[in-house]
Amino acid sequence: MDIRNVPLSVYGSYMALAYYKDDKCNFRGVKDEALYLKSLRGKSRSTPAVCKILPLIDGQEADFTYEADLFHIEINFAGGCIKICFDGDSRIIFKVEGEKSGLRLDFMPSSEYEYNFTLGTKDKPYHIINSYKTLTKYIVKSVNGQAILNQENSKSLLGSINSYIDVNSLNNDSFICVIEEIPTHMIKPTEKEYSYEASLEETTKKFEAFYEAFPKVFPEYEEAYKNAVYVDWSCTVKKFGSLKRDGMYMSNNLFQGIWSWDHCFNALALANVHNELAWDQMMVLFDHQDENGQIPGSVSDSTVRWNFAKPPIHGLFIEKMMKKTELSKEQLLEAFDCIEKQVNFWLNFKDFDQDGICEYHHGNDSGYDNSTVFMDDFVAESPDLSAFLIKAMETLAIIAEKLGRDMEERLWYERSDDLTKLTLERFVREEKIITYSGLEKNIVESQSILPYTLVILGDRLPKDLKNKIVNDLKNKFMTEYGLATEATDSPYYNPDGYWRGPIWGPTMVLFIEGLEECGEVEFAKELTEKFCKLVKKSGCAENFNAITGDPLCDKAYTWTASSFIHLCEKMNKY
């Protein structure tokens, strides 16, 4: 495993280990090329590096190489090695071997209140790390070695200007050091018999049990599939603070939190595999749904952001989950209540002229942050939004039927039909799909794939329009690896332009599923194969160069992993 791209972590943990070179990589706030401990707390997102991990020989920093797999890291240097793994989800074990070998934890203080101190007894001391830059705290304890805090305090005496802990053997034998996270203000060190081998075995067993629940895939995708499951597993944190359920973060690199459409793809990948966890992923944002029906743009253990709404794909994805697994009556009731409130939020607060067509108030609201749909104005009307609301209304009707609510079933089918008619009248002109910007509703000369998301309406679309969408997808957007997000011949196409060119996993899922609904099964199969081959080639990156297939941005992103997992399962059924 390449820990420069995929940090080492475990299910439930708010800690990760990663090797980074500089600030331009997947990690903010690091100084040098090195192995780092990082915090996954949402409040740490801007500066997640807790400490730099360095091997020592006779008290001096040593040159080293490293190897890593899904469960441990081994640092090798002349005369010794350091083995690192997790012990549970709150502790990291370091086993240091080799004569005169040691371990340095450099905490790189960078804020006024950064300081560390020693507690315990003379015989059993331990050190408290007040990592103010990450707004987290830790315990460092050597089980059978000697850990010494070296620190120079600032003139203000409010913190330190440098601080590191050197851990060495007492008698040249191997020794163990433990870092334990303090979730709030203070805890005592966990007292137990530490065994590196036992901790590594336990971590391995937990992941293998999680992985074995997933369906088998074609042999050519097995390695990539297991790595994708690992990305999802290792990015899942335990419930704490603002997270009322265990939650799958978007990444252990740059996106420490759960964004409010990303999570739907994670829920779908888990459905009919880990059903309880799947439902928790779908509902984790709805735990914060406000009185108007809006859900936050993102949430973590320590942050809730309301600035953006993200697209209302949730009803559509609950319907997809229902096709994979049976929901309980309690889940159906919960889903109906949440989706009804969400639909009404958009209808009441995102339709400023009350003409029946909702609008986005920023590209971020659409999920396609910098799409050319928004190049003329932040406010835009785009048919994908109406399509998502139509599918949400359909889902409400389906759930109402399951609950025996006949009147509500008829109501929501009628409303979905009415909105379908209005959407086609507004956004389709002579088989061309158009979008509008601003209060004046000027036509946007965009060549984004975003408006083509109408494809999710399937048989609700006229045959000629379906054919037009298919032809445009094949001739303007399709490459060797999938669907570009901006037409490849567009003057605005940018190979590393975020939503102005690169291939994204969620786009692929939405269009593949929509094409199936339109009866274009062979085309859907072709796109599925393209994306699966792309992930096999380039990993679970946030997005990909549409022409070369190279990975872009965050290199270990859960909705990409989940899109791949879902589409691999689909490959088995074609």
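**Stop 1: helix 5**

Select residues 314–324, which are helix 5. Of its 11 residues, 10 are buried, so helix 5 is largely enclosed by the rest of the structure. Here buried means under 20% relative accessible area, exposed means over 50%, and partly exposed lies in between (1.4 Å probe, protein chains only). Helices (H or I, at least four residues) and strands (E, at least two) are DSSP runs, numbered from the N terminus.

This is a predicted model: local features need pLDDT of at least 70, side-chain atom pairs count only at pLDDT 80 or more, and totals for chains, interfaces and linings use all residues. Residues are numbered from 1 along each chain as its sequence is written, and side-chain values use heavy atoms, with hydrogens and water left out.

Now colour the buried residues of helix 5: His314, Gly315, Leu316, Phe317, Ile318, Glu319, Lys320, Met321, Met322 and Lys324. What do they pack against? Show helix 3 (262–270), helix 4 (275–283), helix 6 (329–349), helix 8 (383–402), helix 11 and helix 13 (558–573). Contact means heavy atoms within 4.5 Å.

**Stop 2: the largest cavity**

Stay with helix 5 and add helix 11 (505–517). Each supplies at least two residues to the lining of the largest cavity. Select the full lining: Leu316, Glu319, Lys320, Lys323, Lys391, Ile456, Leu510, Glu513, Gly514 and Glu517. By class, that is 3 nonpolar, 1 polar and 6 charged residues. Ala, Val, Leu, Ile, Met, Phe, Trp, Tyr, Cys and Pro count as nonpolar; Asp, Glu, Lys and Arg count as charged; the others, Gly among them, count as polar.

How is such a space found? Rolling a probe the size of a water molecule over the atoms shows where empty space is left. On a 1 Å grid over the protein atoms alone, a cavity is a set of points where a 1.4 Å probe fits but cannot get out. A pocket is an open set with protein on both sides within 12 Å along at least five of seven lines. Lining residues have an atom within 4 Å of a point. Grid points are joined across faces, edges and corners, and a volume is the space filled by probe spheres set on the points.

The largest cavity has a volume of about 60 Å³. The structure holds 4 cavities of 30 Å³ or more.

**Stop 3: the largest pocket**

Next, select Asp2, Val6, Asn227, Gly539 and Cys540. Among the 23 lining residues of the largest pocket, these lie nearest its centre. Two elements give two or more residues to this lining: helix 2 and helix 12 (521–538). Helix 2 gives the most, with 7 residues. The pocket has a volume of about 490 Å³. Its lining has 11 nonpolar, 4 polar and 8 charged residues.

**Stop 4: Tyr225**

Keep helix 2 (residues 222–234) in view and pick Tyr225. Is Tyr225 buried or exposed? Tyr225 is buried, with a relative accessible area of 1%. Show what Tyr225 touches: Tyr211, Phe214, Pro215, Val217, Phe564, Ile565 and Cys568, not counting residues up to four places away in sequence. Then draw a C-alpha to C-alpha distance from Tyr225 to Asp377. The two are 40 Å apart in space and 152 residues apart in sequence.

**Stop 5: strand 15**

Select residues 175–182, strand 15. Strand 15 is mostly covered, with 8 of its 8 residues buried. In a regular strand the side chains alternate between the two faces of the sheet. Phe175, Cys177, Ile179 and Glu181 are on one side of strand 15, with Ile176, Val178, Glu180 and Ile182 on the other.

Two strands pair if DSSP finds at least two bridges between them. Strand 8 (residues 91–97) pairs antiparallel with strand 15 over 6 bridges. Find Phe94 opposite Cys177. Strand 12 (residues 136–142) also runs antiparallel to strand 15, joined by 6 bridges. Here Ile139 stands opposite Glu180.

**Stop 6: a hairpin**

Move to strand 10 (residues 115–120) and strand 11 (residues 125–131), an antiparallel pair with 6 bridges. They form a hairpin with 4 residues between them. Look for Gly120 opposite Pro125.

**Stop 7: a three-strand sheet**

Last, show strands 21, 24 and 25, in the order 21-24-25, an open antiparallel sheet. Strand 21 (380–381) and strand 25 (442–443) stand at the edges with a single partner strand each, so one side of each has no neighbour in the sheet. Strand 21 joins strand 24 (residues 436–437) through 2 bridges. Ala380 stands opposite Ser437.
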